[in-house]
Every structure is written in structure tokens, then in C-alpha cells.
Amino acid sequence: MRRRLSLSPWLSLAPALALVVVLVGASLAYGVAQSLGLMAVIGQNTVSLDAYRSLLSGHGPAGREFWSALGFSLWVSVTATIVSAALALLLAVGLASRPGGGAADTLALNWNLAVPHLVWAVALLLFLAQSGLLARLAAAGGLIELPAEFPVLVRDRYGLGLILHYVSKETPFLALIVLAMLRSQPTGYAQVAANLGANRWQRLRYVTLPFVMPGLLAGALLVFAFVFSAYEVPAVLGVGYPRMLSVLALRFFTDPDLRARADGMAVSLILTAIVLAVAAASLKRGGAK
Amino acid sequence: MTRLSQIGRWALYLLLAAPLALFAVYAFSTRWFFPQLLPAEWTSATLARVLGDGRVISALRDSVAMAGGVSLLAMVIGYPAARVLGLRQFRGRNAAWLVLFLPTVVPPLAVGMGLNILFLQLGLAGTLAGVMLAHLVPALPYVVFTLAGAFARYDENYEFQALVLGASPARTFWSVSLRLLAPSLVVAGLFAFLISWSQYLLTLLIGSGRIITLPVLLFSAAAGGNPATTAALALIFLAPPLVIIAATARQLNQRPGDIREQL
């Protein structure tokens, strides 16, 4: 029995590693090949950097939108990440300060995470549209008379709907991380600080914040990576222009003109490279979990 | 801090209940014109029509089969990997961790677009098996990490004890290992199920329009369907995850912060 258990660990790891290496590896390899214009289907066998060149120089159908899409993606992801990290910190500190009752709060946070992004986006659409429930509330309160008078909060050109979506969805996720860290924190430090005359904001700033910062930062970087690359939400809550990079990538990838595929693939790979760089930074800061 | 705590808690519970209430009102509404605050007329006809729609029923069946299958496969593949990662120290362990971590950050967009042509050539595009294989990529890491965490607190001596007492390896596996790991197996299976259940992009890119799951239907309804139908679909799509989360609340509570992105 001992012998069986001490067999090379790689044998046990093989199926999982093979699945990831083969599928992720193949998808990236095929992606790179297609972004370089290699497409046997339409008889193209020459390698060219045309797709990247036209994207980075801002020419061509995809290139014209590339820089604005990159800017829009960054605006949405950075704003959503910073706002949800700040709110998550406040929420977690608030929830942790009450003794007991932890189980219900954790369940609520988990419950929120089980709601798929697509469903959440649909809920926001029904709630915030110009004839949605909030607009009706505004009409009932005499603030507006016609749907057109209600501000455009979803499917707007500034990405407000997207940011609102991600903030409301990612705050519980980050709060769960911070809450787990707070509950493992010895209470002594805060009490010592209080005894030494620190008020609650000083305790938050000098005791709690340094303690949860590494975890919060690592989580925030994961949130950024996710928001930056997600497709469904900007597709449902976004507008035709400006579009996020992910929407742009799929739009050109599924273009009936197969030559546009290289452009779509190049956008997707640039997006992936950015996400991987951010994830690597996250791993470095937070330590691999 | 109590004031803050109260506001935070109420906001949280409101966020939790609001979408359900919203979908319910929309799903049962009819001829609900602007500025009416609540529908003047209620009907269950929309929900009945959606539930009686053959496309919805087959999407529900495919979604359940797919998420269940992905969950089971991810556990079978993930269990041995998690076991050695949790229990053993060996050269290259960190590298193995890193490789298995990779799918949690590589965007499904890139995976789906890259596999699209390959799966077409292999005849896997448009098949349930092909889509399940693609779903395994984001699902597997969560199973491995959850179970590896459990194995890190696991005492192998229980297994040796059973073997010494004459139990067969199979009996030891069923009655000792699985029994001891049950709470974590439930959580791991739940993650894999939820990831597959909510997956839209990979199903779209690998399913070639032939595999229609609930998120695919919901997505096209959201793009231009009427609000009542969209809300009814959202309710049907949302019900299973919420039931599962409620049923596994106890196991989840022991492992806060485990559910990650991609859900």
C-alpha cells in the first residue's frame, strides 16, 4: 500500500495537467496562428503582422476602434475595481464589527455570488432602463413625466451601467475575502490601539487596513482581470460605441468576412496579455493561494 | 461602527432580495405601461408559456446535463491532482499549481475563440461533449484548489488504519476517504456546477449555435425580447443555483471566500 501511495505524484496530476495544458495551450497556439493570418480554411498560409500593425496604428475597420475600446475597457475596469474595493472594505469592517450573526452574512455574500453575471445584468436592465422600475418610481414622485426624461443609466455611452453592474456584483466578492481575513485577525491589536486612544477611523487606518491590504489588493487585481476580459455584461448593458475590447474582439471574430478573424483574434490576444500581466502582479503581491 | 454596520447589512440583504422580487413582478406582469408603478393586471400566462416552450425545456435539460456532467468530470479528474498537491511535497509542485491556476485568469473569450476552429476540425464543435470539454477548463481549477485545501488538513492515517484492519482499497476509498472529505466535495462540486451553469461564451463559441443552454436563451431574450419573457427566463435560470447555495450553506460557511470569479 505504501508503495502505491508513493507512486510519482505526476501520475496523479497527469489528467488535470493534460487537460489544462492541451486545451489552453492549443487555444493560445491556434489564436496566435490565426492572428498572424494563418488560416488553412481560406487557403492562407503566409505569416503576417498585418492585424497587429493595423490595430496599433489605428487603421482598418478594427483598428479605428482599437484605442478607444482599450481606453473604454480600462476606464470601466479600473473604476469598477477601485470603487468596489473601497466599498468592500467598508462593508466587511461593518459586518465584522458585530459579534455573532456571521453565518447569515456569509450566506448572503455567497448567495449574491451565485447569481450569474448575465442574470444580474438583466436585472439592472429591467430596473434602470428609461421605462424601468426606477423611472416609474421617479414618475410617481413627480420628478419626471416621460421615460425620455429619465437619465440614461444603462446602455449609456459612458459605461455607467457597466460600472454599476460590476460594483454591485464585485463588492460582495471582495467583502467576503476581507471578512475572512478580519475574522482570522486577533482582536487584541484593535483593543490595544483603542486603549492608547485611537479613534475608530485611526484604528481602521493604522490597524485594520495594513492587515487586510495584501488580500484586498490581490482580490482587486483578480476583479480587474475579470472585468477587463468579460463579454456578456458589456454585450447586454453596453452600447454600439464605445465598445469594450472583448466585444470588439468577438464582433470581428464572428464577421462573415473570414479575413476579419485575424483582427478579432489579435484584439483577444492583446487583451489576454494585459490580463495575464495583471494576474502575475496579483500573484506576486498576494502570494499564490 | 454600528450605524455603518446596519447600513451595510441592509444594503446587502436588499441587493440579495431585489433581483428576485424584480423578476417576479416582471414575469407576472401584463400590459404594464409606463408610469404605472405596479402592473394593473397580473398573469401567470407568461411563465406558463415559457415553461411550456419546447426550446426552454430542452435548454433546461441540456443545462442540467452539462453542468452535472462537468461537475462530475471535474471531480474525477481533480481528485487525484488535489490529493498530491495537498498531501505531498515534491519537485515541481509550484509549477503544477501555476499551470492549474492558469485557466482562472486566461479569459474564456481567448479559450473559446482559439478552440473554435480546432474543435470544428475534430468534429467536437456543436456537440455536448465538445462544450463540456471546454467548460472543464474554467471549472477544473476551482475543484482542484478546493479539494487541495481539504487534503492539506486531511489525516492519511485513517486510511492506513482501515487497510490494516483488512478493508480493501476500494472500501477504504468509499467508506473513509470520501466520507471524511464529503463537505469539501460538496463545495467543489457546487463550484464546478455553477461555473458551467453560468457559462455563456464558451457554449456560444464551441456549441456553434447547436447547443442551446439557458444562458444562451436568456442572452438573446435580453438583447431584444419582451421584459416579461426575459424575467420569466431569468427566474428559471436563477432558481437552481439559489437552491443549491441554500442547501449547502453549512459547508460554504466553513470556507468563506472560496467562490471566485467566472460565476
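In the predicted model, the axes of helix H2 of chain A and helix H5 (residues 108-122) of chain B come within 7 Å and cross at roughly 80°. Angles of 65 to 115 degrees count as roughly perpendicular, so H2(A) is roughly perpendicular to H5(B). On the H2(A) side, the residues that meet H5(B) are Leu23(A), Val24(A), Ala26(A), Ser27(A), Leu28(A), Tyr30(A) and Gly31(A). Their counterparts in H5(B) are Ala110(B), Val111(B), Met113(B), Gly114(B), Leu115(B), Ile117(B) and Leu118(B). By class, the residues of this helix-helix contact comprise 11 nonpolar, 3 polar and no charged.

The crossing of these helices belongs to the contact between the two chains, to which chain A contributes 79 residues and chain B 72 residues. On the side of chain A that touches chain B, helix H2 (residues 9-35) gives the most, with 16 residues. That side of chain A is made up of 59 nonpolar, 15 polar and 5 charged residues. For the complex, the predictor reports an ipTM of 0.88 and a pTM of 0.89.

The largest nonpolar core holds 167 residues. The members that touch the most other members are Ala92(A), Val122(A) and Val178(A), together with Leu140(B), Val143(B) and Val144(B). Beyond its neighbours within four places in sequence, Leu140(B) is in contact with Ala16(A), Leu19(A) and Val20(A). Within chain B, Leu140(B) likewise contacts Ala74(B), Ile77(B), Gly78(B) and Pro103(B).

Chain B contains 12 helices and 2 strands. Read from the N terminus, its elements follow the order α-β-β-α-α-α-α-α-α-α-α-α-α-α. The C-alpha trace of chain B spans about 70 × 60 × 35 Å along its principal axes. Of its 263 residues, 45% count as buried. Among the contacts in chain B with a separation of 6 or more, 76% join residues 24 or more positions apart.

The mean pLDDT of chain B is 88, with 95% of its residues at 70 or more. Over residues 256-263 of chain B, however, the pLDDT is below 50. This stretch has 24 contacts in the model beyond near neighbours in sequence. Where pLDDT is low, the predicted coordinates should not be read in detail.

How values were computed
Residues numbered from 1 in each chain as written. Chains lettered and ligands numbered in written order. Predicted model: local features only at pLDDT ≥ 70, side-chain atom pairs only at ≥ 80, totals over all residues. Contact = placed C-beta atoms within 7 Å. Helix = DSSP H or I, 4+ residues; strand = E, 2+ residues; numbered from the N terminus. Nonpolar A, V, L, I, M, F, W, Y, C, P; charged D, E, K, R; others polar. Core = buried A, V, L, I, M, F, W, Y, C linked by C-beta atoms within 7 Å. Buried ≥ 20, exposed ≤ 12 C-beta atoms within 10 Å, placed from the backbone. pLDDT = per-residue confidence, 0-100. Axes fitted to C-alpha atoms, helices over the stretch in contact; angles between N-to-C directions. Parallel < 35°, antiparallel > 145°, perpendicular 65-115°, else oblique.
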